[in-house]
Amino acid sequence: MDRDAQPCFMSDHEGFCGSIKNSAQDFVVTELDVQGRPVTSSVRPEEPTKVTSTEVRQWSRKAALDEGTAGVTTVVQNGDGVLGQQGFDLNVILGSSVNEALEEFASRTVACIEEQKEDTEMALGTFPDKQVRASVHRAVRHNHPCLMTVTQRAEIRVRVDPDFRELSQLVSEEEAEDFFRFIDAKVPGSVFTFLPDDSKEHRTSVHHFISRRFGKLVETKSFTEQDETAITVRLREKGHQGKKGRRKRSASDCEEQAETYAGFTLKKENLETLEAISYMAAVLGVLPSDFSYAGIKDKRAITYQSMVVKKISAERLLEKASEFERRGMQLSNIHPVSEPLRLGRLQGNHFDLIIRDLKPHGKCSSSDLEVLVKEAVENVKAQGFVNYYGPQRFGNSQTIQADQVGLALLKEDMVTAVRLFLSPEETEDLQNNAKRHFLHTGNAKESLLLMPAYKARERLMLRALHRYGSGQEGCGRAWLSLPHGMRVFYLHAYCSRLWNEAASYRLNKLPHWPVQGDLVCTRPQRDTSATEEPDTAQVHVVTHAEEKDNAFSLKQVVLPMPGNSVKYPENVLGKWYQDRLVQDSLSACRFRITSLKLNVPGCYRPLLAYPHDVTYSLHVKEEPQVTGPSPPHSTASLTLSFDLDSSCYATVCLREIMKCEP
């Protein structure tokens, strides 16, 4: 399907004509957080965890008072002490059932160490709050030193620690446990002493192990007292510690280091999300990449969304809030947070829309509007709509769209990608004149002087081109000058274009029910960020028997957005994907551009989407004619409110309702 092909519809009602976005007030978008609450709510979003950050801090304060740990001679400095059992109640942190399972897993793990059996893993659950994750890491390590903890997208998993396994072959299990508690406590100046050991060869093995694994963190010496020789381990001063000496399993310790983050709700009007970020970054003196958000919102609208900025305190953000209002932005609900937002970390969006100048299609009269509207809305509530990516996904340019830039990047043709990025519109204004000047002269310095200050992306690009040149390497460096989110946007635009074409091909060429070779999602899933690894385990290939038994419904069918970690349908649609990539000379594409630090694993997107909590009201207004005895003229408008899941587009839903481009 080419870019101008007609979209598919899921229902056959008549529909109606109308106009949207006559003003920003006609299109209001409010982000819904992961709990489904609007971000405009006065109630600050709660983290969906079993414990709160306040409780974590209380545990840390309690733990700092406990200095008793077997095998450790504690030297307290600056009031700090060894973290002890009092602050690490896993029944509180994990819940009794998970803790019991963990106890059983740890017991089996010890047996595996003794018997040299193959390692296994256990999942403890998902912990979105960074402070809570840090507390889980510390508590598990303290209670079960034989285990190491790892984080995979906020999920914490445990498995046997290879360092513990190695040390437990040299010393007793109890000594190994006490040693690792000592290492994890990291109390400056503290000392750990192993049991006396008369074998110099054995002591040498222990020295070598500790030096190899923790040499940058600790120093070891053998001391003889009363004819008994023992190894003493002392924690180095902080200035002498290096990265290589840190215990591998405590890589999560970087999460424990305090970083300043401020969360807020951004209201913007007639502004792109990335444009708003660029302006705020300039005012605050930080990089655009220091801002994180759950999703990009419409430009021609009033939108409310959550954001987090790094390196800026809530107090400073509050001081600068008045400056943002001059650019059509308002900040509210400003508060300190513990971590940045992740793309896709939202349940969806709520829309409050007004469609004006309603008219029926074809032969229907205006008196039929009420029936037409009711039939259209109720049909879409029941049957859904094709989950196309909306026009916002491809940028606002009328000449060059973002997917064309993305295609050039995937081909690693940096020069073409830059020229497409800087292609001007036909209008005469400052930014387009600056772009036109660059394409005609190649002079990045002069073009930079012409480019308006608020066009942050273009200025970053031109500044880099001036510095590094406009050849292949220089253009690559120019792309690297843009924040990661801006760079990957163009790759996603191309992949989204292919997804749209694939959806139309699937519905035009195959029946409207799951057939053999289709991919279906076996449990509900949201369309996650295409930068995350897709959960292929949830995706199932429909068999011939399942097709005959009608085992699945069309609402369970998913299509892959191209990437390097997805599987494709095993029917004619899979062949279509192959042929389509060949058409764009991407048959060997790895969807990874190492030079630009870009990776597109792909994702699975439901073929159909459904609006939730739909309300609507038709308003007809009689307007008298200004001249003549003609009957009054009536105008109709429709107010429409609904929720959509994340990454679903209101304009696409409206197209299904109205049966035309809104």
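Ser481 is found in the loop that joins helix 17 (472–480) to helix 18. The model is a predicted one. With a relative accessibility of 25%, Ser481 counts as partly exposed, because buried residues must be under 20% and exposed residues over 50%. Leaving aside residues up to four places away in sequence, Ser481 touches Leu460, Met461 and Ala464. Two distances describe the surroundings of Ser481.

| Atoms in the pair | Distance |
|---|---|
| C-alpha of Ser481 and C-alpha of Leu460 | 6.2 Å |
| Side-chain polar atom of Ser481 and backbone oxygen of Ala478 | 2.5 Å |

Ser481 and Leu460 are 21 residues apart along the chain.

The loop leads to helix 18, and helix 18 (residues 484–509) in turn meets helix 12 (residues 402–410). The axes of these two helices come within 7 Å and cross at roughly 105°. Angles of 65 to 115 degrees count as roughly perpendicular, and helix 12 and helix 18 are therefore roughly perpendicular to each other. Residues of helix 12 in this contact include Val405, Leu409 and Leu410, while those of helix 18 include Phe489, Tyr490 and Leu491. Sorted by class, the contact between helix 12 and helix 18 comprises 10 nonpolar, one polar and three charged residues.

How many of the nine residues of helix 12 are buried? Eight are, and helix 12 is thus mostly covered. Among the buried residues are Ala402, Asp403 and Ala408. The buried residues of helix 12 pack against helix 13 (414–421), helix 17, helix 18 and strand 19 (592–593). After helix 12 comes Glu412, which has a positive phi near 60°.

Methods
Residues numbered from 1 in each chain as written. Predicted model: local features only at pLDDT ≥ 70, side-chain atom pairs only at ≥ 80, totals over all residues. Heavy atoms only, no water. Axes fitted to C-alpha atoms, helices over the stretch in contact; angles between N-to-C directions. Helix = DSSP H or I, 4+ residues; strand = E, 2+ residues; numbered from the N terminus. Parallel < 35°, antiparallel > 145°, perpendicular 65-115°, else oblique. Contact = heavy atoms within 4.5 Å. Nonpolar A, V, L, I, M, F, W, Y, C, P; charged D, E, K, R; others polar. Buried < 20%, exposed > 50% of the residue type's maximum accessible area, 1.4 Å probe, protein only. Polar contact = N/O pair within 3.5 Å; in protein donor to acceptor, adjacent residues only side chain to side chain.
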